[in-house]
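Colleague: I would like to learn how to read the way helices pack in a model such as this one. Could we go through it feature by feature, with the general idea before each case?

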Amino acid sequence: MKTTYSILLGCVGLAIAGSAQAQVGGIAIADPETVILTAKALDAANTSIATTYKAQLDQATARAQALQAQLNTLYAPLDLNKDKQLSDDEIQKAQAAKNPALTQIETAQRTGQADVARLRGPATLAQAYAIEQISQKYAAAMQAVVASKKLSLLLSANTVQFSTPAVDVTDAIKAELDRANPTVPFTPPAGWQPSQQTQQLLQQYQQLAYISAMQRQRAAGTPGAAPAAPAAGTKAPQGR
């Protein structure tokens, strides 16, 4: 079953007969990705996923911490100014000297990240399934808002260069989606694999969570490397 929001909003927009109310000339914009990735149902799914797959996620966290400790040890000889970070200049000097620590770092990262991904795999697949279930509910929420606001044209926010806040109905669609679907299933059936569109949404969600983690790290003044990619169960920042 195709995810319907891309069909409805992915190119130009959706024209539905009606007359204008609050929106200018019956025209509005919406950001479907924001609606889906900030849905309350995804927060609820993440909470359940974190509990259901706690053992695997704990193992993944332990492996990630062990990897970071290993990398810190390998970084130390290359960290010439001892600021607990590797600058481009320090890396270039290590490369010029053909320092074997660089190969050890690369091998450790490749092996450790593969281990972490494997341990997180079941939880990540469950998160992808929840995202796909939410995306399939988007069209109904959108149509409800279009009807209630008597819109004649709804455009994707990503294709619009300028708009006033009054024409953005993203929050209204999110409110309707949250009302109608406070939860969604998160356990995928045997053999289920996410569609390409779901994979893109999952990657976007993980990027948002990663950026949020980096911002928290900077705010806390924590030195060192950027945090690892977040595990399933991590909440991305809400809103736009």
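**Reading a helix pair and its surroundings**

Modeller: In this predicted model, helices α3 and α6 are roughly antiparallel to each other.

Colleague: At roughly what angle do the axes of α3 and α6 cross, and within what distance do they come?

Modeller: Two packed helices are described by the angle between their axes and by the distance between those axes. Here the axes of α3 and α6 cross at roughly 160 degrees and come within 10 Å; because angles over 145 degrees count as roughly antiparallel, that is how the pair is described. The crossing of α3 and α6 is right-handed.

Colleague: Which residues of α3 and α6 meet?

Modeller: An α-helix has 3.6 residues a turn, so residues three or four places apart point the same way. From α3, the residues Ala41, Leu42, Ala45, Asn46 and Ile49 meet Ala123, Ala126, Gln127, Ala130, Ile131 and Ile134 of α6. The buried residues of α3 are Ala41, Leu42, Asp43, Ala45, Asn46 and Ile49, and their cover includes α2, α4 and α9 as well as α6.

Colleague: What should α3 span at 1.5 Å a residue, and how far apart are its end C-alpha atoms?

Modeller: Helix α3 holds 13 residues, 40-52, and at that rise should span 18 Å; its end C-alpha atoms are 18 Å apart, which agrees with the expectation.

Colleague: Is Leu42 buried or exposed, and which residues is it in contact with beyond its neighbours within four places in sequence?

Modeller: Leu42, which is found in helix α3, has a relative accessible area of 1% and is therefore buried. Leaving aside those sequence neighbours, Leu42 is in contact with Ile36, Leu37, Gln127, Ala130, Ile131, Ile134 and Tyr205. The C-alpha atoms of Leu42 and Ala128 are separated by 9.9 Å, although the two residues lie 86 residues apart along the chain.

Colleague: How many residues does the largest nonpolar core have, and which of them have the most contacts inside it?

Modeller: The largest nonpolar core has 35 residues, and those with the most contacts inside it are Ile131, Ile134, Leu154 and Ile173. At least two residues of this core are supplied by each of β2, α2, α3, α6, α7, α8 and α9, with the largest share, 7 residues, coming from α6. Apart from this core lies another, of 9 residues, among them Leu74, Tyr75, Ala94 and Ala108.

Colleague: What does Ile134 touch, not counting residues up to four places away in sequence?

Modeller: With those residues set aside, Ile134 touches Ile36, Ala39, Ala41, Leu42, Leu177 and Val184. Leu177 is one of the buried residues of α8, alongside Thr170, Ile173, Lys174, Glu176 and Asp178, and the cover over the buried residues of α8 includes β2, α2, α3, α6, α7 and β3.

Colleague: Which residues other than glycine have a positive phi?

Modeller: Among them are Lys98, whose phi is near 50 degrees, and Lys150, with a phi of about 55 degrees. Lys98 has its place in the loop between α5 and α6 and counts as exposed, at 73% relative accessibility, whereas Lys150 is found in the loop between α7 and β3 and is partly exposed, with a relative accessible area of 38%.

Colleague: How many helices and strands does the protein have, and what percentage of its residues is buried?

Modeller: The protein has 9 helices and 3 strands, and buried residues make up 39% of its 240 residues. Among contacts between residues at least 6 apart in sequence, 87% join residues at least 24 apart.

Technical notes
Residues are numbered from 1 along each chain as its sequence is written. This is a predicted model: local features need pLDDT of at least 70, side-chain atom pairs count only at pLDDT 80 or more; totals for chains, interfaces and linings use all residues. Side-chain values use heavy atoms; hydrogens and water are left out. Helices (H or I, at least four residues) and strands (E, at least two) are DSSP runs, numbered from the N terminus. The expected span of a helix is 1.5 Å times one less than its number of residues. Buried means under 20% relative accessible area, exposed over 50%, partly exposed in between (1.4 Å probe, protein chains only). Contact means heavy atoms within 4.5 Å. A nonpolar core is a set of buried Ala, Val, Leu, Ile, Met, Phe, Trp, Tyr and Cys residues joined through side-chain atoms within 4.5 Å. Axes are lines fitted to C-alpha atoms, for helices over the stretch in contact, and angles run from 0 to 180 degrees between N-to-C directions. Angles under 35 degrees count as roughly parallel, over 145 as roughly antiparallel, 65 to 115 as roughly perpendicular and the rest as oblique. A crossing is left-handed if the near helix is turned anticlockwise from the far one by less than a right angle, and right-handed if clockwise.
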